[in-house]
Amino acid sequence: MKVTTIILFIVISPLLFAQEIDSIKTPFFTLGRTDIDLGANAGVQSNFLDKRGRMNHFVEVSSSFMFKNIPLTFQGRLSDEKYISGKPTYFRLSYDALAKYRMRKAELEHEIGMINTDIGGINQDIYALEGKISYLDFLLEQYKLLKGKNKPQIPTGTLEKPELPNGKLPDISGKIPDTQIPDLKAPETNKIDFDRLNLDSITQKISTYQGTLDKWNGKIDSLQSLKDLKLNDLNALNLKKPNGFLDGIKRIDLGLTSLSGGKMSNSSVPIQGVRFKGTYRKYFYDAAAGLTVPNRLFSNSVVDQYLNNSQNIFNMNQFFTVNTARFVSSIIIGYGDEERNSVSVENYYNGRDLQSILHKKRQVTNNTSNVSFTLSPLKSGRLFISGSMGQTIPIGDSVSRNYSSQLAYTTKVKYRLNRMHTQIYGQVKRIGVNYDGFSQGLYNSGFLHHEYGFQSKLFKHLTIAGKYVGDRYDAGSNGKGLITNGVHIDVQETIIKNLLLFAGYSLINARGNDSITYGNNSLYRGGFVYQKRFDKTKFTLSGNSTYSRVNGLDSAIQMTNVILKSEIAHKYLFYGVTANYQDFKGMSKIYGTNLIISPELGAKYKGIQFSSAFNYLRSQQFSNQYGFSFTLSASPGKHFTWYMTARRWLPTDALNFITPDVDYPIRPWFWELRLKIHLNVLK
């Protein structure tokens, strides 16, 4: 009942708000594009903790809106699902910095345009007034010339004012009039009635007009100064170095976000909390605090899961796994260009876990501080140096620890050889055993890392990249832990039109007491992509293959995976076929050869789109099996879209998350149905 009430409120309230704000000239709240998803699913998939296939329900909301002229976005999800990684129920309220940048830029450009209009209007008035002064000067000059010849008698006393072009003289005491440039054609001298001229009055008017000109020129100078300030703000905004504090805000998150990413690690730990990031003049800042969110990495591919996610033998990624919810915080304050020339101070606090907080239990916490820098000493920008050094100070820890074990440092140097189209780099990182890198996404402690590599482009079509990576893990092993030394090479070739070729090779030598492998471990990879466009048709043919050999403690493990795929896409229709050959040796969970053939068919017409694939498996281990995948979306109108997804997993796909259990059978099915409601689709 509560969920139904919440759903109705979410659906109806935007409509009420939209009707309410229409009658307000300057709205306090403006609702933009909003999508609301109502859905249900059942079955099993890789991120579900419950493998019984029960039905789940969820509501998702995504909206952009304005609150007091501040652009914001909201994303939220309410669900009874149970996830292995991430949160099925969450929300995130974010400041839309890009939208604010566009608004601020348009505002400054509009203000500069208005100033230009004002300056242009004043200049027109100045030209008109200067014309009248010139005419009066002309009268005086003509009078002096005639006086020298005819010596006319000048009357005294108050005479009539001279008739000037364009009617009345402008009112100089108030608003600048919208005058036009007068007709400055002077009358013939013999037609001027000098007897009626009041020379004192003319001289006084010239003086008065000249004072008005000085005021108007002063106003132009003031407007020009204001314009220069606006242009300075606009240039600073475009250069991402805004002069104002509000203009420099890049990110404000409330809810699901991440900790600040420092120079010691490239990873960011997901949290539920707050984050605030931005720049002010030559300073930059980044602060965050909250509870960590479970974060794990897994894949439906057996090869990917074994090589990269579980064993990480070939060090393809540096993913940080989070299993506990604990309080963490971070703050970074720096000066300079963050990406090129800067210095910053970073602080990370790793607090108690959630259970200790709830039960008020004492627990050792860590406070880690780093000093980091970036340096680009050459004007050409070819040389780049970055580094960081830090220390962890435990709080509430009674155990005596070695000072050097609490330290960490890293430095990286990159140099670009422009003429050779080559970049070389080197990096060294040392993390002490007692240095706490949890909140920085460092998944290992007590290791020394060396990395040296290059990337070069030859003949405009050949790209070669290579690197050496050495790691030494000595945690709990007195310096005799796992030691790995590896070489990685990758090549890309595009000399043939429409064809991309790529290949790679990795060789890792491992040894040590804590080693999960030993000796030489090799990984070969290669493939191609060919694309050809015709009148209304696109043809794609691609291939990808990997072969790996890992020396385990008990036996050698060999994995072969070859994928070939072809696809033809027309304007409304596409079809193709995928063939996948697999061969596993030395593993108990999966073994033998597998051949998977998957024909695909899809179509797209107006508001309807679908794609489908039938998967046929012929296997030594699983005999003959079948599976399929199907997705359908249909939009009966601009405010509604239906989505449907269904899948039957093959045993090779579900091997990592479906384990036979004696208590209940596992059915390898998954389906999901959702209705997406679109509000304010024109905004």
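# A guided tour of strands and salt bridges

Start by selecting strand 23 together with strand 24 (residues 623-637): the two pair in the antiparallel sense over 12 bridges. You are looking at a predicted model, so please keep that in mind at each stop.

**Stop 1: around strand 23**

With strands 23 and 24 still highlighted, pick out Ile-608 and look across to strand 24, where Ala-634 stands opposite. Next, follow the chain from strand 23 into strand 24; the link is a hairpin of 3 residues.

Now add the other neighbour to your selection. Strand 22 (residues 592-605) runs antiparallel to strand 23 (residues 608-619), and 10 bridges join them. Click on Gly-602 and then on Ser-611 in strand 23, which is its bridge partner. The turn between strands 22 and 23 deserves a click as well: this hairpin has 2 residues between its strands, and Lys-606 in the turn shows a positive phi of about 55°. If you display side chains here, remember that in a regular strand they alternate between the two faces of the sheet.

**Stop 2: a salt bridge between distant parts of the chain**

Select Asp-37 and Arg-674 and show their side chains. They meet in a salt bridge, with 2.7 Å from N to O. Asp-37 belongs to strand 1 (residues 29-43) and Arg-674 to strand 26 (residues 669-679), so this pair links distant parts of the chain, 637 residues apart. Are these two partners buried or exposed? Asp-37 counts as buried because its relative accessibility is 2%, and Arg-674 is also buried, at 15%.

**Stop 3: a pair within one helix**

Move on to helix 2 (residues 97-150) and select Arg-104 and Glu-107. These two form a salt bridge whose closest N and O atoms are 3.2 Å apart. Why does about one helical turn separate them? Because they sit 3 residues apart in the helix. Colouring by accessibility brings out a contrast: Arg-104 is buried, with a relative accessible area of 16%, whereas Glu-107 is partly exposed at 36%.

**Stop 4: a pair across two strands**

Next, select Glu-451 and Lys-467. Their salt bridge has its closest N and O atoms 3.8 Å apart. Glu-451 is in strand 14 (residues 447-458) and Lys-467 is in strand 15 (residues 462-473), so the bridge ties together parts that are 16 residues apart in sequence. Glu-451 counts as buried, at 13% relative accessibility, while Lys-467 is partly exposed, at 29%.

**Stop 5: a network of charges**

Make one selection of Asp-37, Glu-60, Arg-77, Glu-81, Glu-672, Arg-674 and Lys-676: salt bridges that share partners join these residues into one network. You have already met two of its members, Asp-37 and Arg-674, as a pair. For general background, side chains of opposite charge can pair when their charged atoms come close. How many salt bridges does a search of the whole structure find? It finds 16.

**Last stop: the whole chain**

Zoom out and colour by secondary structure. The protein chain contains 5 helices and 26 strands. Buried residues account for 39% of its 683 residues. If you display contacts between residues at least 6 apart in sequence, 57% of them join residues at least 24 apart. Finally, turn on the surface: the accessible area of the chain comes to about 39,000 Å², and carbon and sulfur atoms contribute 57% of it.

Technical notes
Residues numbered from 1 in each chain as written. Predicted model: local features only at pLDDT ≥ 70, side-chain atom pairs only at ≥ 80, totals over all residues. Heavy atoms only, no water. Salt bridge = Lys/Arg side-chain N within 4 Å of Asp/Glu carboxyl O. Helix = DSSP H or I, 4+ residues; strand = E, 2+ residues; numbered from the N terminus. Buried < 20%, exposed > 50% of the residue type's maximum accessible area, 1.4 Å probe, protein only. Pairing = 2+ DSSP bridges. Contact = heavy atoms within 4.5 Å. Areas by Shrake-Rupley, 256 points an atom, 1.4 Å probe, with all protein chains shown as cover.
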